[in-house]
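Please read the following account with the coordinates open beside it, moving from one pair of helices to the wider fold and then to individual residues.

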Amino acid sequence: MEMTSIDSDIVELLTQLARIDNLLRSRAKSLEHREAPNVNAFLGLYVSDQEFEELLRHPFGSSALGAVWEPPSAGAVAPHSPLGHLVDAFGLSSFEVDVLLLSLLPAFDLGYERLFAYLQDDMTRRRPTVGLTLDLFCPDPAVRMDARRAFRSDAPLMRYRLLQQEGGKGDSLLAQSIKPEPNLVSFLLDGDLGHADLPHYLHFERPHVELSDLALDEDTLRRVRILASEAFSPGLWVRERGRDRWSALQVARVLCGAWDVSLMHVDGVALQGTYEDVRRAARAVRRDSLLAGAAIYLDFGTEDGETDSLSDSRRALWGEFLADHGYPVFWYMGIRADADDTVWDRADTFTLSFPAPEYPQRLSLWETALADVECETGVSASALAARYRLRGDQIIHVVRMAAREARWRGPGDGAVSREDITAAVRSLSESRLGHLAQPMEVHHAWDDLVLPDDRLDGLHEICDRYRHWYTVYDDWGFGQRAPSAGGLSALFAGPSGTGKSMAAEIIAGELGLSLYRIDLSAVVSKYIGETEKNLE
């Protein structure tokens, strides 16, 4: 059967599997025939000698329709094939490669399950045991004793969790069944880890973010440009700090694109469980990173850029496993500095900071996001950048929500309006404030407020101060002289019914901002640290 349309890597793997198949069949024929029981009484629970002979005559790779594939002669493992990458990445011996291929046979053809059951005289053992593996590959007793080392916990097959050992309690090593890890099967048979069933805390991607897509300050951008221009060193660690979680991930994507490697994103907060659970996960992530040729991005920050309270012990464990890793490791730690942490006491650690984006970065992000949608005349990127202090991912989310809302208005009226964006921002804010605040609707305008002229002028000044905040503090440079000026506060005092809430409502409507009423009784808590968390 011609296979000219099949990828050469698949032909390479099939050739090696056919070699193991031939070895298995030649050794199996030397077994003596067992006395057959009453076949009808054990139908489905027994492999007869006749069925066994038929299995041995079954050509490798043949289908139930009778098509037969003739494998080419097997040579050395091709260095650039997935199997060759596996050998190089984990330092496997020829015996360890053969063990992996043997365990892979049932994933290629279920007929091998019955073949293994016959060879082991046990229909419950449909996977090869360590004992059968040694019988097949190591007929010499001295070689057999040395080959047992391949199944020790510190050997590559077990250290990197390439194989699973399964057996009953108290079973000896020889009685343990061996089975390839699912991700290894996906890598070898599908050629891509993207098809694997990854856990909820792990995301695999091939980044396509360009350096020009970043919205960072000049100093951070310069440092990223330096990293991107160089080939990565195998032991490189990039430590990322600050509240801008999205930009930290974008930088990792840009660098991986520049280095031509994939990225494995690990949500360290979502990875819950015992110390041993995290240890097993770290071992699996290290293996998959080497399989896919991917950098690792460890995210220990929360949605708002805070540092996860459980990250200390977890970080130490990950540091232990990744100390000599062959691909770059990114550590996003939120706002925590960790300047004196011994985990970072390495010569190849590179540190980047990502504070919340300032007006110039927000303006660039808004301009990029709005460029892909049709907007009404009143939608201004500069006004939105000044009004809303959002991260890049939040800006993208808001624009998508606003565009979707605009489409619902009907054909021919799909332009995004200022009201669409305001509603999208309000929806984003409500999902974050939860039970601590209640949104207030804006029902009043300036004409509804009856106050002396000087009080009205003061309210208008509040609006003007907010509108021109970025001009004074960013363009004119006053932000550098008053770095603590992080917001605008106004105190309204007076008896009930004098217009305090109405004034706040009118200002929010004038500026296109959401307005929330905070119940202080819901903020204060008897539990230590909870009040501070609610205030934050």
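In this predicted model, the axes of helix 14, residues 359-370, and helix 16, residues 392-407, come within 10 Å of each other and cross at roughly 30°. The crossing of these two helices is right-handed. On the side of helix 14 the contact is made by Arg362, Leu365, Trp366, Ala369 and Leu370, which meet Gly392, Ile395, Val398 and Val399 of helix 16. Sorted by class, the residues in this contact are seven nonpolar, one polar and one charged. As a general background to such a composition, nonpolar side chains in soluble globular proteins tend to be buried together.

Helix 16 itself can be followed a little further. Its 16 residues reach 23 Å from the first C-alpha to the last, which is close to the 22 Å expected at 1.5 Å a residue. The buried residues of helix 16 are Gly392, Gln394, Ile395, Val398, Val399, Met401, Ala402, Ala403 and Ala406, and Gly392, Ile395, Val398 and Val399 are the helix 16 residues that meet helix 14. An α-helix has 3.6 residues a turn, so residues three or four places apart point the same way.

Helix 21, residues 500-511, can be read in a similar manner. This helix has twelve residues and spans 17 Å between its first and last C-alpha atoms, close to the 16 Å expected at 1.5 Å a residue. The buried residues of helix 21 are Ala503, Glu505, Ile506, Ile507, Ala508 and Leu511, and just after the helix Gly512 takes a positive phi of about 70°.

These helices belong to a protein chain with 23 helices and ten strands. Of its 536 residues, 45% count as buried. Among contacts between residues at least 6 apart in sequence, 73% join residues at least 24 apart.

Which residues have the most contacts inside the largest nonpolar core? That core has 69 residues, and the ones with the most contacts inside it are Leu86, Phe95, Phe151 and Phe330. Taking Phe330 as an example, and setting aside residues up to four places away in sequence, one finds that it touches Val238, Glu240, Ala252, Leu255, Cys256, Trp259, Leu263, Ala295, Ile296, Tyr297 and Leu298. A second, separate core of 27 residues includes Leu370, Ala385, Tyr388 and Leu428, and Leu370 is also one of the helix 14 residues that meet helix 16.

Two of the residues with the most contacts in the largest core, Phe95 and Phe151, reappear when individual helix positions are examined. Ala147 lies in helix 7, residues 141-147, and counts as buried because its relative accessibility is 7%, below the 20% cut-off. Leaving aside neighbours within four places in sequence, Ala147 is in contact with Phe95, Leu134 and Cys138. The C-alpha atoms of Ala147 and Phe95 are separated by 7.7 Å, although these residues are 52 apart along the chain.

Val99, found in helix 4, residues 94-108, is buried because its relative accessible area is 0%. Outside its neighbours within four places in sequence, Val99 is in contact with Thr133, Phe137, Phe151, Leu157, Leu163 and Ile178. The C-alpha atoms of Val99 and Ile20, 79 residues apart along the chain, are separated by 9.2 Å.

Arg279, in helix 12, residues 275-292, counts as partly exposed because its relative accessibility is 23%. Not counting residues up to four places away in sequence, Arg279 touches Leu317, Glu320 and Phe321. The C-alpha atoms of Arg279 and Phe321, 42 residues apart along the chain, are separated by 8.5 Å.

Finally, two loop residues deserve a look for their backbone angles. Most residues other than glycine have a negative phi. Arg161, however, has a positive phi of about 55° although it is not a glycine, and it lies in the loop between helix 8 (156-159) and strand 1 (163-166). Asp260 likewise has a positive phi, near 60°, in a residue other than glycine, and is found in the loop between helix 11 (245-259) and strand 5 (262-267). Is each of these loop residues exposed or partly exposed? Arg161 counts as partly exposed because its relative accessibility is 27%, whereas Asp260 is exposed, with a relative accessible area of 71%.

Methods: Residues numbered from 1 in each chain as written. Predicted model: local features only at pLDDT ≥ 70, side-chain atom pairs only at ≥ 80, totals over all residues. Heavy atoms only, no water. Axes fitted to C-alpha atoms, helices over the stretch in contact; angles between N-to-C directions. Helix = DSSP H or I, 4+ residues; strand = E, 2+ residues; numbered from the N terminus. Left-handed = near helix turned anticlockwise from the far one by under 90°. Contact = heavy atoms within 4.5 Å. Nonpolar A, V, L, I, M, F, W, Y, C, P; charged D, E, K, R; others polar. Core = buried A, V, L, I, M, F, W, Y, C linked by side-chain atoms within 4.5 Å. Buried < 20%, exposed > 50% of the residue type's maximum accessible area, 1.4 Å probe, protein only. Expected span 1.5 Å × (residues − 1).
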